[in-house]
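Student: Can we go through this model together? I'd like short answers.

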Amino acid sequence: MTERERGTVGRLTATVERLRGEVRAAHAAAEGRALVELAKGVLVERLGCGPAQADRQLAELAARAGLSPLELAADIINQAARDRVAEVTGDFLRAAVGEDEAAGEPGDHGASGPAAGSDASVGVRLRTAESAALSAGDTQSVAESLLAHALEPLGAVAVAIWTTGPDASLSLRGHAGFGSDEAARWHHVPPGVTTAARQALTARRTVRYPSLAAAGIPSIGRARHPDGGRVVVPAGTGGRIHGVLEICWARPLDPQPQAVERQLEALAELCAHTLEALPPQAAPTGLLVPGADAALELAELADGLHDPALVLTPHLDEEGRLADFRIRHANARFQDPAGRPRSAVDGALLLEAYPATAGGTELFERIERVYATGEPFRSRRTRLTALVDQVPLSSLADISISRHGGSVFLIWRIEDESARLASLLQHAQRLGRVGAFEEDVLTGEITWNGQLFELFGREEKEPPVSLRDLAAHAHPDEADTIRRFLHSVLHQRRASSTAFRLLRRDGVTRHIRVIAEPALGADDQLQAVRGAYQDISAQHWTEVALMATRDRLVATEEEAAERHRLTLQLQHAIMPPAKPPLDAPGLAVAVRYRPAESESMVGGDWYDAVVLPSKKVLLCVGDVAGHGVEAATGMVVLRNALRGLAVTGAGPGQLLTWLNTVAHHLTAQVTATAVCGVYDPESRTLRWARAGHLPPVLVRGSEAADLPLLGGMLLGALAEAEYEEAELRLEPEDTVLMYTDGLVERRDTSVHDSVAQLLATARLPADSLEGRLDLLLSRSKSDTDDDTCLIGVQVT
C-alpha cells in the first residue's frame, strides 16, 4: 500500500469514527433530553405550573446548585421516584461524605464539591441507562445502553443479558462488547450445562468470579478476556427470575464497594423490568407463554390428567416481593392428604391450606425455586404433612413441579398404602421365589399368583395344579412324602409343610417346599386350603455343597493334624527344649529352646553345640525361613550338614560358605540365617561369623554388649557368597550368648530397641549360666509367636 493509499484509508477511518462519535453524542443528547423532560413533568405536577415555567424553574435551580440541568434532572427524578436507583445514588453520597469526614474535611458538602459531582454523575448515568432501556425496542438495545451509560464508567468492557426458558435453558437475548461470532456460538445454552450464568440462576444470588479462567467456568467471551473478572446477577421481580445480567471486566476483579454492588443489583432489576415488558421469545409448539389465559389453559390441562394436580400463581406482598402462591385450580382427581374436598383448598393461599409445606419437607422452597428459575423438580416418595384439628397427618407422594408462563404446575401422586403393601409383597415373593395359592375344597376352584406359575413352569392360561394331583408332578420317590403331607392337611386339618422334588415339563428338576394350612367354616368343616410353594433349590444345593466341603475339611484337618504331629516329633527329636551338660574342658555350655505357642507356627529355628575331634567346640544357632514340615526338614538338612563340614577343621567363615552352597543347590529353595562360632579351649579364643543373623552378645562383669556386625548375607540367597570372620579372646567368667530373633522381635518396636532391652537384661546379675538363660527367656517381650533358640557359653 502506497503512502497515498494509507493516507486515504486513515482519513476514511477518521471520518467513520467521527460519525460514530456524533451518533453516540446524539443518542446521549436524546437520552439526556428525555431525563430533562421527565424532570420537567415532575416539576409541573409538584408546582402546578406550566411546561415553560417548569423549564425556567429547572434552569434557575441548576444555576443556584452549581449543577448542570441534566444532573439536577436526575436528582429531581431520584427524589420523586424513591426507587432502587435513588437508593444506590444515596449510597454513593453517604460513602463520599464519609470519605471526606475521614480525610478531615468537614463542612462544605455542597453540590459543586467532588463528592457531589461524583454522586450526581452516578445518578445521571443510572437514570440515563434507565431511560434508554425503557425506551428500547429490544434487549440488544438494552444491553448496549447499560454498557455505555452505567457499566463502562465502572471499568466493564462487555455485558450479556440471558433469559431463561421453560425448560431451564438459557438464551442470549442481548449483548454488548462481544463479537457477533462469539454471540452466535452462545445464543443458546441447553439445560444442565454449567456456566457462569447458570451458577447465578441456580444459586438465585449474585455470583462473582475474580478471574473466570481461574474458576474454570465456561462463559461467553472467555477466550477474549481469559483473566477477566465476572459479576453475574439474577434479574428478577416478584420472586421470579426473568433472566441473568452478566458483566465482564478485561482484568482480574478486585472486591467492589458495597455501593457498586448495589448499583449492579439495581441494573439487574432494571433488566428484569425491561425483560418483563418486552415481547417474549417464540416458544416451541405446545409450551405455554405468559398471558391472561395461561392459568386457564393450565387448569384445562390439569383436568385432563389422571394424577392430582394444582395450578399455582404467585401472590406478592405490598412491596412486590413473593409471599405465597394462590391455588388457582385443583383438578377433579385432586386428593387432599387430610381428606378435605378440593373446594376447601381451591382459591386458598398455599401456606394457609398447607402450612407444613414450609417445614421439613421444603416443598414450598422447591416451588419457589421452580417459579424463580424455571428448572423443573421431581421427587419420589416425598412426605406430605397436613394439619387436621392441629393434628399432623402424613402421607407419601411422588412430586412433580414445573413452571408454565407465570404459573406453577404441581402434581402429587399420593401413595396408596394397600397398593404399596401389595407391591412389597410381590417383590418379596419374587426375591424369595415364593408363590401363593388358595384352593376351595368345596367348589374345586384354585387361585395361583403369577410367581407360582413361574415356579411350576406353566403358562398363566393353563389350569393350576390341585393339591390332590401334586404327586403326579413330583419325583416318584416323593409319593409317600406327599401322601403324608396331604393326609395331615386334608384329613387331620393341621397346618403342615414338606419338601419334594418337582419335575417340570421342560425337564428341570426343582426342590420345592410347600406350606399349607386348612381354613375351616362356621360348622368346623374344611372349606379351603391356603399356602405357598417356595423354590429351595439353591438352599438344597448349598447344603449338599456344605456337606461335601465339611467332609473334605474333616479329611484335611486330619491330614494337617498328622503332618503337625510328625513335624513336632521331628523337631523335638532334634531340638529338645533343654540339653544335657556338654563335656568341654574350661567351658560351661547351656542351651534353651522355646517352641512357638501356636501349634500351626512350628518353625525352623535350630541350635547346636558339639565337641569336634580337634577338641574345639562348634557353637551355632540358625533360623530357616517359613513354618511347617518344609521348614523343619530344611533345618535338619542345614544342621546336619554343618556338623559334617565342621569335622574338616575349617573356620566358621568357610563353614558358612559351604553351608550356603548346600542351601542353594541341595535343598528345595531353603533360605536361612545363622551365626557360627568355633571355640578353642587352649587359647580361650572364639572365631565366629554370621550369615544375615544378629551378632552374639558378650557379657563381661556387669557390662553386656553385642559383637560387631560382620559382613555376610543369608544362606541360600546366591550361589556363591563369602563371609567375614572375627576373633575374640575370652577371659575367665566371660559369657557369650547366641540367639534367634524369636527372643527379641516385636511388631511395635525396632530391632535396635529390642536388642537394647536384651542387653539391659543381660547386665543383671545371675547365680549361674542356666539362671541367666532362664532370666533372658522370662524377661523376653517378643510378641511374634516365633520359635526361640538360645545358647550360652561361659569360660570357667
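Student: Start with Asp-535. Buried or exposed?

Tutor: Asp-535 is buried, at a relative accessible area of 7%. Buried means under 20% relative accessible area, exposed means over 50%, and partly exposed lies in between, using a 1.4 Å probe and protein chains only.

Student: Before I go on, what are the ground rules?

Tutor: This is a predicted model, where local features need pLDDT of at least 70, side-chain atom pairs count only at pLDDT 80 or more, and totals for chains, interfaces and linings use all residues. Residues are numbered from 1 along each chain as its sequence is written, and side-chain values use heavy atoms, with hydrogens and water left out.

Student: Back to Asp-535. Which side chain does it meet in a salt bridge?

Tutor: Arg-510, at 2.8 Å from N to O. A salt bridge here is a side-chain nitrogen of Lys or Arg within 4 Å of a carboxyl oxygen of Asp or Glu. The pair links distant parts of the chain: Asp-535 is in strand 16 (residues 526–535) and Arg-510 in strand 15, 25 residues apart. Arg-510 is partly exposed, with a relative accessible area of 23%.

Student: How are helices and strands assigned?

Tutor: They are DSSP runs, numbered from the N terminus: helices are H or I with at least four residues, strands are E with at least two. The chain has 21 helices and 26 strands.

Student: How many salt bridges does the whole structure have?

Tutor: The search finds 18. One of them joins Glu-462 and Arg-505, with the closest N and O atoms 2.7 Å apart. Glu-462 lies in the loop between helix 15 (450–456) and helix 16 (479–491), while Arg-505 lies in the loop between strand 14 (496–503) and strand 15 (509–520), 43 residues apart.

Student: And which end of that pair is buried, which exposed?

Tutor: Glu-462 is buried at 19% relative accessible area. Arg-505 is exposed at 58%.

Student: What about Arg-504 and Asp-506?

Tutor: Their side chains form a salt bridge too, 2.8 Å from N to O. Arg-504 counts as buried at 18% relative accessibility. Asp-506 is partly exposed at 48%.

Student: New topic. How many disulfides?

Tutor: Zero in the whole structure. A disulfide would need a pair of cysteine sulfur atoms within 2.5 Å.

Student: Why is there no bond between Cys-676 and Cys-620?

Tutor: Because their sulfurs are 5.7 Å apart, too far for a bond, and Cys-620 holds the closest cysteine sulfur to Cys-676. Cys-676 is buried, at 0% relative accessibility.

Student: And Cys-789?

Tutor: Its closest cysteine sulfur is also in Cys-620, at 9.7 Å, so the gap is too far for a bond. Cys-789 is buried as well, at 0%.

Student: Now confidence. What is the average pLDDT?

Tutor: It is 79, and 73% of the residues score at least 70. pLDDT is the predictor's confidence in each residue, from 0 to 100. Among the elements, helix 4 (residues 84–102) has the lowest mean, 51, and strand 21 (residues 685–691) the highest, 97.

Student: Where does pLDDT stay under 50?

Tutor: Residues 99–120 are one such stretch, with 18 contacts beyond four places in sequence. Contact means heavy atoms within 4.5 Å. Residues 281–292 are also below 50, with 15 contacts beyond near neighbours in sequence. Where pLDDT is low, the predicted coordinates should not be read in detail.

Student: Last one. What share of the chain is buried?

Tutor: Buried residues make up 44% of the 796 residues.
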